[in-house]
Amino acid sequence: MSAVNEVVLYQELTAQNGKKIGVATLNSEKSLNALSLPMVESLLPKLQAWQADSSISMVLLQGAGDKAFCAGGDIRDLYKAMLDKPGEYAPYVEEFFTKEYTLDYLIHTFGKPVLVWGNGIVMGGGLGLMAGASHRVVTATSRIAMPEMAIGLYPDVGASWFLNRMPAGCGLFLGLTGASINAADAKFIGLADNFLLHERKDALLEKLLSINWGDTVALNHQKLSDVLRSEEEQCRTQMPLSNIRPHLGDIEALAKHDSLQVAIDAINVMQGEDKWLQKAKESLAYGSPITAHIVFELLKLGQSKILADSFRLELGLSVQCGKLGEFTEGVRALLMDKDLQPKWQYQTVSDVPQSVIDELFRSPWAANAHPLRELGQTDN
């Protein structure tokens, strides 16, 4: 297979002292590097091999081209699988999400430094790859979002873990609106660590290859952090202004509401003429009422103390969503027919029976048969 056709490109760059940097490039520029099952199946064993290889000191994960790191999961095959088995469990849906979450979890728990270059569009499944990395870089063009409301799914890929760890109200606001955030916002809510200019990437790589990498993981983490911090100092003045901060008081207040309808009403009456807020309100109005309930429930459940449990919960939810039909309809309206007229199963959040939400949160498997039952079992 030629490099042109390979879904992920791999390089091992040798630093001055002989240690290596593993570089993985999502290679589907045309689809904005949307994360496909073949990509996941390629990345998983390669990252596991790099984790075990003592000559690899750190890993860099990036996307081909200048427009996107990864614009989300490639859900066309998921759509076809759900269409083929309406109202039933589709084995492909379970397989895709099981492997995707296993990869996300590996990045979260990877022993060595993992640098994700979050340039351009980083959405959905792309954010799943970035969120767990030890060093997350955003650039002037970074546009980060969890826009699952629009397709009748919900913020997954570990979002049940990281939405709950954001400043008060931010997880609920972003989950319900799918609002797109920039580099400054990503740093503020804890989804990014450093702001650098995209055109500085090659220069950064040169610096990384001049580092005296060692065998002590903690020191390697520190060396990478120091280089990124010094690079950021030169770029800081070019960071965009935050979209979230001007509305922070209203967003923080959302955390106090114990009713989904009250929270939605509060977002709809938020004051501000900026396009960002208006777009967030429009996305909220367009999105699935069932998804809104899932988001609210995930934030009500609060912080799981065990990361693996978050992924186990999400896998059950995702498989149930694949069976329900709302996800299929959302993908049809937004991405397939593109008529932007989703026929959601319920018109408003108050129409959604609690029994529907309870069923979505019911695991389809017994604990000892869960596809992710072994996740985290070997962690220290």
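Buried residues make up 53% of the 380 residues in the protein chain of this predicted model. The surface that remains open adds up to about 16,300 Å², and carbon and sulfur atoms supply 52% of that exposed area.

How do the overall dimensions fit with this? For 380 residues, a compact globule would have a radius of gyration near 21 Å, and the protein chain has 20 Å, so the two agree. Along the principal axes, the C-alpha atoms fill a box of roughly 65 × 45 × 40 Å.

Inside that box, the protein chain is built with 16 helices and nine strands. Contacts often link distant parts of the sequence: among those with a separation of 6 or more, 74% join residues 24 or more positions apart.

Now for a closer look at one pair of helices. Two packed helices are described by the angle between their axes and the distance between the axes. For α2 and α3, the angle is about 150° and the axes lie 8 Å apart. Angles over 145 degrees count as roughly antiparallel, so α2 is roughly antiparallel to α3.

Here are the two helices with the residues that meet at their contact:

| Helix | Residue range | Residues in the contact |
|---|---|---|
| α2 | residues 76-84 | Asp77, Leu78, Ala81 and Met82 |
| α3 | residues 91-108 | Tyr92, Val93, Phe96 and Phe97 |

What classes of residue form this contact? Seven are nonpolar, one is charged and none is polar. The charged one is Asp77 of α2, while Phe96 and Phe97 of α3 are among the nonpolar residues.

Technical notes: Residues are numbered from 1 along each chain as its sequence is written. This is a predicted model: local features need pLDDT of at least 70, side-chain atom pairs count only at pLDDT 80 or more; totals for chains, interfaces and linings use all residues. Side-chain values use heavy atoms; hydrogens and water are left out. Axes are lines fitted to C-alpha atoms, for helices over the stretch in contact, and angles run from 0 to 180 degrees between N-to-C directions. Helices (H or I, at least four residues) and strands (E, at least two) are DSSP runs, numbered from the N terminus. Angles under 35 degrees count as roughly parallel, over 145 as roughly antiparallel, 65 to 115 as roughly perpendicular and the rest as oblique. Contact means heavy atoms within 4.5 Å. The radius of gyration is taken over C-alpha atoms; the globule rule is 2.2 Å times the number of residues to the power 0.38. Buried means under 20% relative accessible area, exposed over 50%, partly exposed in between (1.4 Å probe, protein chains only). Accessible areas come from the Shrake-Rupley method with a 1.4 Å probe; for residues, only the protein chains shown count as cover.
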